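Here is a set of short exercises on one protein model. Try each task before you read its solution.

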Amino acid sequence: SYRKGGYHAVRIGDQFAAGRYIAQRKLGWGHFSTVWLAYDTTTSAYVALKIQKSASQFVDAALHEIEILSSIADCASSSNASSNVKFVIQLIDHFKHTGPNGQHLCMVLEFLGDSLLRLIKFSRYKGLPLDRVREICKCILIGLDYLHREHGIIHTDLKPENVLLVSTIDPAKDPVRSETAPILERPEGNINGGVTSLIEKRLKRRARRAVAKISGRKDSMVETGEAPKPDRNIDGVDVRCKIVDFGNACFADKPIAQEIQTRQYRAPEVILEAGYSFSVDMWSFACIAFELATGDMLFTPKVGQGFSEDEDHLALMMELLGKIPRKIATAGAKSKDFFDRHGDLKRIRRLKFWPLNKLLIDRYKFPENDAHEFSEFLLPLLDFAPEKRPTAQQCLQHPWLNCKDSTPT
Ligand code: ATP
Ligand code: MG
Ligand code: MG
């Protein structure tokens with residue numbers, strides 16, 4: 001991908017924006033960009049420099065992301081800004097950079113730490129203590145409430161790798177992170193994608209060693225932040241993590257794509273093409289909360305003999321949540337691909353119902369009380385009727401967010 005139209009190759013010490021930013025080390029990469037830790041010589045602070053690929057479709061995607069992030073940043077800098085803005089990544093600057101592969105749009109973002117995905121990996125996929133889950137859920141919800149109500153923005157790609165922890169570690173010295181960062185990345189949307197090659201096995205071994213090393217120095221993972229200004233929602237909530245990656249976000253009144261969201265976090269109305277709104281983010285949020293608490297994705301649909309990934313996904317949803325009401329099942333542009341006129345799946349006839357409460361007790365060994373309370377929190381968010389799902393604002397009022405963990409950790 002380091003060719004014309006692709007990534008811009010960066011060497012440590014490279015300068016950007018007429019010398020204002022100096023590249024320190026690579027933080028990560030995605031389909032659209034590489035992201036570098038950079039030193040901002042104007043403010044003497046570390047920032048994340050996202051350097052987009054240069055081909056025109058990537059330029060357009062970056063312009064879109066900048067438009068969304070700027071609308072958030074403009075609001076943040078106004079005098080009556082809500083302190084809830086701190087739960088969403090901030091765009092600091094943007095500029096063009098010309099290199100051998102073309103002209104790259106660059107975004108300067110505040111520097112953040114590891115993603116929730118890495119946090120889940122550090123738990124060895126066993127899940128985090130419920131008190132941690134609660135804290136993280138509050139932060140995500142405050143961020144979502146802010147995006148939805150104050151900006152009319154739907155994120156559309158909420159998943160653990162798009163929520164980053166706020167880190168207090170000195171970005172300049174952190175050898176463990178830089179050693180492990182590229183290894184622990186998962187390919188977008190598919191954790192099980194092509195795992196068998198030898199290289200992959202070797203990487204996995206290295207990743208395990210790195211995890212062992214990191215778990216011995218847990219304090220490098222601290223995520224506290226500046227104390228936020230008190231706000232109705234966030235009394236006592238430190239900023240622990242922030243929502244990032246607005247490349248797919250849209251204003252609710254101008255949806256851009258029909259197929260949104262990463263597979264496992266995708267809401268049923270998106271699969272059925274029945275239109276969508278803010279409540280798609282609430283569905284993804286529930287999937288994230290489950291994953292944080294158990295270490296497993298809530299839904300991992302697969303193509304099978306005689307049925308598609310979409311149909312398997314709908315079947316998994318129904319096995320957990322009960323049958324989709326016929327009216328909803330048959331209302332989407334793609335409903336006929338999956339459902340007969342009675343509202344039954346065409347190709348997957350036998351469903352094995354396994355309600356969330358029972359799943360948490362049987363498979364994840366939750367104490368009954370925890371399982372019950374956590375299910376009561378999640379189930380309304382997983383309502384098949386999008387308009388019945390609580391909003392982020394309503395969800396923040398839920399008693400589960402303020403109850404005490406019954407299992408000592
Ligand atoms: P995607 O394919 O996910 O859309 P992308 O090219 O749009 O990728 P991002 O997801 O924004 O890129 O960033 C790629 C990676 O860089 C992230 O997964 C994360 O590891 C790292 N990263 C991004 N932004 C920051 C930041 N502000 N601070 C620290 N690391 C970051
Ligand atoms: Mg991303
Ligand atoms: Mg992106």
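The exercises below concern a predicted model.

**Exercise 1. Decide whether Lys50 is buried or exposed.**

Step 1. Locate the residue: Lys50 is part of strand S4, which covers residues 45–52.
Step 2. Count its neighbours: 28 C-beta atoms lie inside 10 Å.
Step 3. Apply the cut-off: a residue is buried if 20 or more other C-beta atoms lie within 10 Å of its own. Lys50 therefore counts as buried.
Step 4. List its contacts, leaving out residues up to four places away in sequence: Lys50 touches Ser33, Val35, Cys106, Met107 and Leu109.
Step 5. Check the record: an unreviewed UniProt entry places the feature "binding site" at Lys50.

**Exercise 2. Describe the shell around ligand 1.**

Step 1. Count the residues: 22 surround ligand 1.
Step 2. Pick out the closest: Gly28, Gly30, Phe32, Val35 and Ala48.
Step 3. Find the elements that give two or more residues: strand S2 (21–29), strand S3 (33–40), S4 and strand S6 (102–110).
Step 4. Find the largest share: S2 supplies it, with 3 residues.
Step 5. Sort the shell by type: 11 residues are nonpolar, 6 polar and 5 charged.

**Exercise 3. Test the length of helix H1, then find what its buried residues pack against.**

Step 1. Take the residue count: H1 runs over residues 56–77 and has 22 residues.
Step 2. Work out the expected span: at 1.5 Å a residue, H1 should span 32 Å.
Step 3. Compare: the end C-alpha atoms of H1 are 31 Å apart, so the two values agree.
Step 4. Name the buried residues of H1: Phe58, Ala62, Glu65, Ile68, Leu69 and Ile72.
Step 5. Find their partners: these buried residues pack against S4, strand S5 (91–99), S6, helix H3 (130–151) and strand S7 (153–154).

**Exercise 4. Repeat the length test on helix H8 and look at what follows H8.**

Step 1. Compare the lengths: H8 (residues 309–321) has 13 residues and reaches 18 Å, close to the 18 Å expected.
Step 2. Name the buried residues of H8: Glu311, His313, Leu314, Ala315 and Met317.
Step 3. Find their cover: it includes helix H6 (268–271) and helix H10 (335–338).
Step 4. Look past the end: Gly322 follows H8, and its phi is positive, near 95°.

**Exercise 5. Find which residues of the largest nonpolar core touch the most other members.**

Step 1. Note the core's size: it holds 100 residues.
Step 2. Name the residues: Leu49, Ile140, Phe285, Ala286, Ala289, Leu292 and Leu378 touch the most other members.
Step 3. Follow one of them: not counting residues up to four places away in sequence, Phe285 touches Ile140, Leu144, Leu158 and Leu381.

Key: Residues numbered from 1 in each chain as written. Chains lettered and ligands numbered in written order. Predicted model: local features only at pLDDT ≥ 70, side-chain atom pairs only at ≥ 80, totals over all residues. UniProt positions renumbered as here; feature names shortened; annotations may be inferred. Helix = DSSP H or I, 4+ residues; strand = E, 2+ residues; numbered from the N terminus. Buried ≥ 20, exposed ≤ 12 C-beta atoms within 10 Å, placed from the backbone. Contact = placed C-beta atoms within 7 Å. Core = buried A, V, L, I, M, F, W, Y, C linked by C-beta atoms within 7 Å. Near = placed C-beta within 6 Å. Nonpolar A, V, L, I, M, F, W, Y, C, P; charged D, E, K, R; others polar. Expected span 1.5 Å × (residues − 1).
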